[in-house]
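Trainee: Please take one close look at the charged side chains here, and at the places in the fold where they sit. I would like the cut-offs stated along with the values.

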Amino acid sequence: MSQLRTVQVLGGGAGSSAHVSSLAAGLVARGVQVTVCAPAGSRAHGLPATGARYVAVPRRSDPAAVAALRTACAGADIVHAHGLHAAVRAGIALSGRGTPLVVTWHTRARAEGARGRLLRLLERRAARAAAVVLGTSWDLVDRARRRGARDARLAPAAIPALRFPGASDDGKTRAELGAVGRPLLVSVAQHGHDTLLDAARGWSVLDPVPLLAVVGEGPRTGALRRRIAAEGLPVVLAGGPDEVGELLAAADLAVVAGGGEGGPLLAQEALRLGIPLVAARADGLPELVGDAAELVPQGDAEALAGAVVRLLGDPGRRERLAESGRAQAAGWPSEDDTIAHVLSVYDELAQPPAAARA
């Protein structure tokens, strides 16, 4: 059998970037030819070291960007798109070709009004264009089925356990952030940052006042920075995804306030490191963390602040959550499990139809 040729289409989100980097390395190691199409400058963690070919393709759906993606996909046996917008662009680029499209939904986008209607339209286009939709949680699988997916399956996406092998809590990180002698909380810039900052006002009554370090780069950081400055909140912006492991190793708590790819990624890293987690019930997080986190309603700043205050005042509960988190993480699929599952889907789709084999 000839070498299987795949193209991975990436939108640039932190969680999907880490997943694609892991997937590309595993597929290459198994003899699969891998091309990764991603926006120039996107954080496709470690891609140069995976052995995959990289092609810069804009995160747009204009004719020039679609043509570039179509060219990159020429000759592929399987195209695998990660995220909603990548799936829509891949579906357009493959129109008229018989190349099977696999789509992974890592998270659920949210919007209201006209934007919400557009989002549902894009979800339908992505779901119906795919031969198989892989959802990282059951709620995403069910959503894909409601949007018309022909075949939707659960496929948890393992994140490399040693993405941050140098992370250690030696006090240096806390000193650099100004968190010596006060609790350090770590979160991520994502949908729901207003809830996060409202909650920060709620726990600022504590003495000493906890410091919240928010990791993330992109369109949300500008709004975060302006509100932090305007209200004098005890919050600092602490760089990009590469700093997550180091910050978590120094943290007292991890906090996930809303939806988006960064939340599940932060939650996974926190539980693996034994950092107690407070999280909103969003994007499959309850399914991911089980009983190993304090879960609060999404969008409820008062509940979020209350959970943080209670945990900071209860060292025993924090220790129990740390132990539960490590145990929960130990039961997640490994990278090898994830790669083997995806490869089995590829092999299934790459087989010629029974009639053609006869």
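**Charged side chains and their surroundings**

Mentor: Start with Arg-145 and Asp-142, whose side chains meet in a salt bridge at 3.9 Å, N to O. A salt bridge here is a side-chain nitrogen of Lys or Arg within 4 Å of a carboxyl oxygen of Asp or Glu. This is a predicted model, in which local features need pLDDT of at least 70 and side-chain atom pairs count only at pLDDT 80 or more, while totals for chains, interfaces and linings use all residues. Residues are numbered from 1 along each chain as its sequence is written, and side-chain values use heavy atoms, with hydrogens and water left out.

Both partners of this first pair lie in helix α5, three residues apart, about one turn of the helix. Helices (H or I, at least four residues) and strands (E, at least two) are DSSP runs, numbered from the N terminus. Arg-145 counts as partly exposed because its relative accessibility is 46%, and Asp-142 falls in that class at 35%. The classes are: buried under 20% relative accessible area, exposed over 50%, and partly exposed in between, with a 1.4 Å probe and protein chains only. Ala-144 also lies in α5, but at 0% relative accessibility Ala-144 is buried. The C-alpha atom of Ala-144 is separated by 8.8 Å from that of Ala-126, 18 residues away along the chain.

Helix α5 (138-146) also brings us to the nonpolar interior. The largest nonpolar core has 33 residues, and those with the most contacts inside it are Val-9, Val-79, Ala-81 and Trp-105. The elements giving this core two or more residues are β1 (5-10), α2 (63-73), β4 (78-82), α3 (84-93), β5 (101-105), α4 and α5. Of these, α3 supplies the largest share, six residues. Such a core is a set of buried Ala, Val, Leu, Ile, Met, Phe, Trp, Tyr and Cys residues joined through side-chain atoms within 4.5 Å.

Helix α4 (residues 113-129) holds Arg-120. On the surface, Arg-120 gathers with Arg-117, Arg-124 and Arg-128 in a patch of positive charge. Patch members have over 30% relative accessible area and no salt bridge; like charges are joined within 9 Å, and nonpolar side chains (Val, Leu, Ile, Met, Phe, Trp, Tyr) within 5 Å. The place of an Arg charge is taken as CZ. Arg-120 is partly exposed because its relative accessible area is 34%.

Side chains of opposite charge can pair when their charged atoms come close. In this model the count comes to 14 salt bridges. One of them joins Arg-30 and Asp-336, at 3.3 Å from N to O. That pair links distant parts of the chain, 306 residues apart: Arg-30 is in the loop between α1 (14-29) and β2 (33-38), and Asp-336 is in helix α14 (residues 335-350). Arg-30 has 38% relative accessibility, so Arg-30 is partly exposed.

Arg-174 pairs with Asp-252, and the closest N and O atoms are 3.2 Å apart. Here too, distant parts of the chain are linked: Arg-174 belongs to helix α6 (residues 172-177), Asp-252 to the loop between α9 (244-250) and β11 (253-256), and 78 residues separate them. Arg-174 is buried because its relative accessibility is 17%, whereas Asp-252, at 25%, is partly exposed.

Five residues, Asp-194, Asp-198, Arg-201, Arg-227 and Glu-231, are linked in a network of salt bridges. The loop between α8 (219-231) and β10 (235-237) contains Leu-233, and Gly-232 lies in that loop as well. Leu-233 is buried at 9% relative accessibility, while Gly-232 is exposed at 60%. Each can be placed against a network member. The C-alpha atoms of Leu-233 and Asp-198, 35 residues apart along the chain, are separated by 9.4 Å. For Gly-232 and Arg-201, 31 residues apart along the chain, the C-alpha separation is 9.5 Å.

Another Arg has a glycine as its reference point. The C-alpha atoms of Arg-108 and Gly-284 are separated by 9.1 Å, with their positions 176 residues apart along the chain. Gly-284 sits in the loop between β12 (277-280) and α11 (285-289), and at 12% relative accessible area Gly-284 is buried.

One backbone detail remains, at an Asp. The peptide bond from Asp-207 to Pro-208 is cis, with omega near 0 degrees. Pro-208 lies in the loop between α7 (193-203) and β9 (211-215).

Definitions and conventions:
Areas by Shrake-Rupley, 256 points an atom, 1.4 Å probe, with all protein chains shown as cover. Lys, Arg positive; Asp, Glu negative; His and termini not counted.
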